[in-house]
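Subject: Structure handover

Hello,

I am passing on the structure we spoke about. Please look it over before reading my notes below.

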Amino acid sequence: LKGLPDKWFDGDGSAFNKDFLNSLLSRIEAYYPDDLSLPYIYPVVDGNIRFEWTFNRVETSLEVNPNDQLAELYSINLIERG
């Protein structure tokens, strides 16, 4: 994430603020539970950072907005009911 340049996705997408990334990664390292699997981490073209986990058949994602440092958490249970 630190190495992404401006316009990293077909002319869209902004580089991330390195101070924000350092702060975010420090907080994750300090508070992330040792027994929780690590998420996949993706840059999002709109400027956010997405963390994704799969727990059995539950898909969970956390999207962090670097500008206001707010996050949205989504989770969906993919178990079919019959």
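The notes below go through the helix, the strands and the core in turn.

This is a predicted model, in which local features need pLDDT of at least 70 and side-chain atom pairs count only at pLDDT 80 or more, while totals for chains, interfaces and linings use all residues. Residues are numbered from 1 along each chain as its sequence is written, and side-chain values use heavy atoms, with hydrogens and water left out.

Helix. Helices (H or I, at least four residues) and strands (E, at least two) are DSSP runs, numbered from the N terminus. The 14 residues of α1 should span 20 Å at 1.5 Å a residue (the expected span is 1.5 Å times one less than the number of residues), and the end C-alpha atoms are 20 Å apart, which agrees. Phe20, Leu21 and Leu24 of α1 are buried (under 20% relative accessible area; exposed is over 50% and partly exposed in between, with a 1.4 Å probe and protein chains only). They cover an arc of only 95° around the axis, so they sit on the same side of α1; the arc is taken from the directions from the helix axis to the C-beta atoms. Asp19, Glu29 and Ala30, on the other side of α1, are exposed. The buried residues of α1 pack against β2 and β3.

Strands. Two strands pair if DSSP finds at least two bridges between them. β1 (residues 40-43) and β2 run antiparallel and are joined by four bridges, with isoleucine 41 opposite phenylalanine 51 in β2. Their hairpin has five residues between the strands, and glycine 47 in it takes a positive phi near 105°. β3 (residues 58-65) and β4 (residues 70-77) are also antiparallel, joined by eight bridges. Here glutamate 63 stands opposite glutamate 72 in β4. The hairpin of β3 and β4 has four residues between the strands, and glutamine 69 takes a positive phi near 55°.

Core. The largest nonpolar core (buried Ala, Val, Leu, Ile, Met, Phe, Trp, Tyr and Cys residues joined through side-chain atoms within 4.5 Å) has nine residues: Phe16, Phe20, Leu21, Leu24, Tyr32, Ile49, Phe51, Trp53 and Val64. At least two of these come from each of α1 (18-31) and β2 (49-55). Apart from neighbours within four places in sequence, valine 64 is in contact (heavy atoms within 4.5 Å) with Phe20, Asn48, Ile49, Phe51, Leu70 and Ala71.

Regards
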